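Please examine the model shown below with care. The paragraphs that follow lead through a selected part of it.

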Amino acid sequence: MSTFANVRRLAWDTETTGPNPLEDRIVTAAIVVRGGGRDDRVFSWLINPGIPIPAEATEVHKVTDAMVQADGQDPKTALDEIATNLARAIEWGMPVVAFNHSFDWTILHHDLVRNGLPTVEERVGLAPLPLIDPHVIDKQVDKYVKGSGMRKLQPTCERYGVQLEDWHTAEADALAALLIAEAQFDRHPQLNDMGPAQLFAAQKSWRAEQQAGLQKWFRTRATAEQGGDPNKVIDGSWPLIPEQREAGDAS
């Protein structure tokens with residue numbers, strides 16, 4: 001039986017102009033492919049988004065306006081290459097991994113539409129989506145991680161024994177997501193019992209439950225500083241899921 005450990009698998013990551021996947025744009029992206037008895041491969045893109053990169057975004061990923069203006073690819077060319085690689089992997093049935101996958105998938109979708117390009121869904125048709133999100137899986141298999149921000153990429157890596165340098169480059173973050181996923185499938189072999197379509201459906205269900213729990217926490221447990229109702233009275237017990245804030249989900 002094929003397992004995650006012995007199949008060819010792909011991970012990807014984007015760095016962007018900001019945290020809004022509906023309006024912000026991709027400035028760097030990377031795809032890491034490994035496993036299946038073949039050499040690892042890494043693909044990366046530096047993209048000129050056509051808009052200024054805010055200082056707060058540059059502070060995170062170190063990509064400046066000067067860099068993209070000097071060496072950045074035209075977004076239409078780069079985005080088409082990224083989507084083509086993802087669609088090809090999906091058509092081949094390769095697991096496609098990203099940490100907080102919904103963000104990268106959504107921002108790529110809207111960047112493709114903005115540039116008049118077909119989306120990944122339009123390229124693959126009705127093929128099952130073998131998408132894996134180690135962020136969602138982590139919340140499902142280890143529900144009671146305590147501490148604000150402990151679900152972010154770097155502390156999650158630490159909990160799974162993943163050690164990397166050059167955080168917040170797309171290449172490093174894609175590899176980190178893949179290594180976390182590898183550790184998860186090793187620790188929880190029942191994940192290997194699901195086919196791509198079944199695992200994708202399970203993750204959608206898990207994420208919906210997690211988001212509902214997050215909204216309940218905001219309504220009933222969050223302090224004003226954490227984004228909750230400033231008029232709500234909070235008792236002294238430990239809130240179970242403060243780490244599930246969307247702000248804490250970003251890598």
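How far apart are the end C-alpha atoms of α4, and what span should its 14 residues have at 1.5 Å a residue? In this predicted model, the end C-alpha atoms of α4 lie 20 Å apart, which agrees with the expected span of 20 Å, because each residue is counted at 1.5 Å. Following α4 is G116, which has a positive phi, near 70°.

The next matter is how α4 is set within the chain. Its buried residues are H101, F103, D104, W105, I107, L108, D111 and L112. The elements against which the buried residues of α4 pack are β1, β2, α3, β4 (96-97), α5 and β5 (131-132).

One member of α4 also leads to the largest nonpolar core, which holds 29 residues; L108 is among those that touch the most other members, together with L10, W12, L86 and V120. Two or more residues of this core come from each of β1 (9-16), β2 (26-35), α3 (75-91), α4 and α5. The greatest contribution is that of α3, with eight residues. As for L10, beyond its neighbours within four places in sequence, its contacts include I31, V33, L86, A89, M94 and V97. Another core, of 24 residues, lies apart from the largest one and has V97, A174, A176 and L191 among its members.

Finally, consider the loop between α4 (101-114) and α5 (120-124), where T119 is placed. Is T119 buried or exposed? T119 counts as buried because its relative accessibility is 4%, and buried means under 20%. Not counting residues up to four places away in sequence, T119 touches H109, L112 and V113.

Terms used:
Residues are numbered from 1 along each chain as its sequence is written. This is a predicted model: local features need pLDDT of at least 70, side-chain atom pairs count only at pLDDT 80 or more; totals for chains, interfaces and linings use all residues. Side-chain values use heavy atoms; hydrogens and water are left out. Helices (H or I, at least four residues) and strands (E, at least two) are DSSP runs, numbered from the N terminus. Buried means under 20% relative accessible area, exposed over 50%, partly exposed in between (1.4 Å probe, protein chains only). Contact means heavy atoms within 4.5 Å. A nonpolar core is a set of buried Ala, Val, Leu, Ile, Met, Phe, Trp, Tyr and Cys residues joined through side-chain atoms within 4.5 Å. The expected span of a helix is 1.5 Å times one less than its number of residues.
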